[in-house]
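Welcome, and please open your viewer. We will take a short walk, one selection at a time.

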Amino acid sequence: MKKIISAALCAVLMILMLPAPARALTLTAVNDTLLPLDDSTMPARLGGEMYVPYSVFSSLGVSASSEDGVLSMSANGETLNFSLNEGYVYDQNLNSYPSPAYNMNGTVYVPVTLCCGKFGMGYSTISVAGETVLRVTDGSAQSDSNFA
């Protein structure tokens with residue numbers, strides 16, 4: 001009887017120790033278009049915050065330029081300057097923000113929450129056909145439920 005109980009306890013412990021399936025892949029959409037699945041479009045979670053390549057915002061009309069290790073992004077009278085070497089970000093009024101940009105996969109990734117808030121855009125994380133999609137919009141897109 002003790003062997004049966006011991007075996008059952010071992011089986012339960014082994015089941016509890018198995019890794020739970022997790023979705024590691026999140027796709028990116030801009031307005032009503034799902035972006036291709038490659039390194040230049042995939043979002044990343046860094047420090048608990050979502051990041052996307054700066055080109056996601058460029059496709060929504062945000063101008064971007066880089067000089068001396070500083071990526072400058074501008075739209076709607078607002079500017080964000082990301083110093084890649086120093087790890088800081090500031091706006092046109094010299095206000096600083098805690099979410100720096102990161103260089104990954106050969107491109108610069110910027111924080112979604114900060115950029116959307118500064119440039120008057122929105123974002124959402126939705127489930128579409130069993131996949132997670134980070135959707136960045138400029139207000140001209142259909143609703144998330146229609147998109148899904």
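How many residues lie between strand 6 and strand 7 in their hairpin? Select the two strands and look at the link: there are two residues between them, and Asn76 in the turn has a positive phi of about 50°. Keep in mind as you go that this is a predicted model.

**Stop one: strand 6 and strand 7**

Strand 6 covers residues 70-75. Colour it, and then give another colour to strand 7, residues 78-83. The two are paired in the antiparallel sense, with six bridges between them. To see one of these pairings, pick Met73 and look across to strand 7, where its bridge partner is Leu80.

Stay with strand 7 for a moment and switch on a surface. Is this strand mostly covered or mostly open? Mostly covered: five of its six residues are buried. While the side chains are on display, here is something to look for: in a regular strand they alternate between the two faces of the sheet.

**Stop two: on to strand 8**

Now add residues 88-91, which make up strand 8. Strand 7 and strand 8 run antiparallel and are joined by four bridges. Select Asn81 to find one of the pairings: its bridge partner in strand 8 is Tyr90.

These two strands also form a hairpin, this time with four residues between them. Click on Gly87 in the turn, which has a positive phi of about 80°.

**Stop three: two tyrosines**

Next, the aromatic rings. Searching the whole structure gives two aromatic pairs. One of them is formed by Tyr51 and Tyr102, so select both; they meet edge-to-face, with 5.3 Å centre to centre and 65° between the planes. This pair links distant parts of the chain, as Tyr51 belongs to strand 4 (residues 49-53) and Tyr102 to strand 10 (residues 102-104), 51 residues apart.

Which of the accessibility classes does each ring's residue fall into? Tyr51 counts as buried because its relative accessibility is 2%, under the 20% cut-off. Tyr102 has 35% relative accessibility, so it counts as partly exposed.

**Last stop: Met104**

Finish in strand 10, where you will find Met104. Its relative accessible area is 22%, so Met104 is partly exposed. Show what surrounds it: leaving aside neighbours within four places in sequence, Met104 is in contact with Ala44, Leu46 and Tyr109. Draw a C-alpha to C-alpha line from Met104 to Ala44: they are 9.4 Å apart in space and 60 residues apart in sequence.

Methods. Residues are numbered from 1 along each chain as its sequence is written. This is a predicted model: local features need pLDDT of at least 70, side-chain atom pairs count only at pLDDT 80 or more; totals for chains, interfaces and linings use all residues. Side-chain values use heavy atoms; hydrogens and water are left out. Buried means under 20% relative accessible area, exposed over 50%, partly exposed in between (1.4 Å probe, protein chains only). Two strands pair if DSSP finds at least two bridges between them. Rings of Phe, Tyr and Trp (its six-membered ring) pair if their centres lie within 6.5 Å; planes under 30 degrees apart count as stacked, over 60 as edge-to-face and the rest as tilted. Contact means heavy atoms within 4.5 Å.
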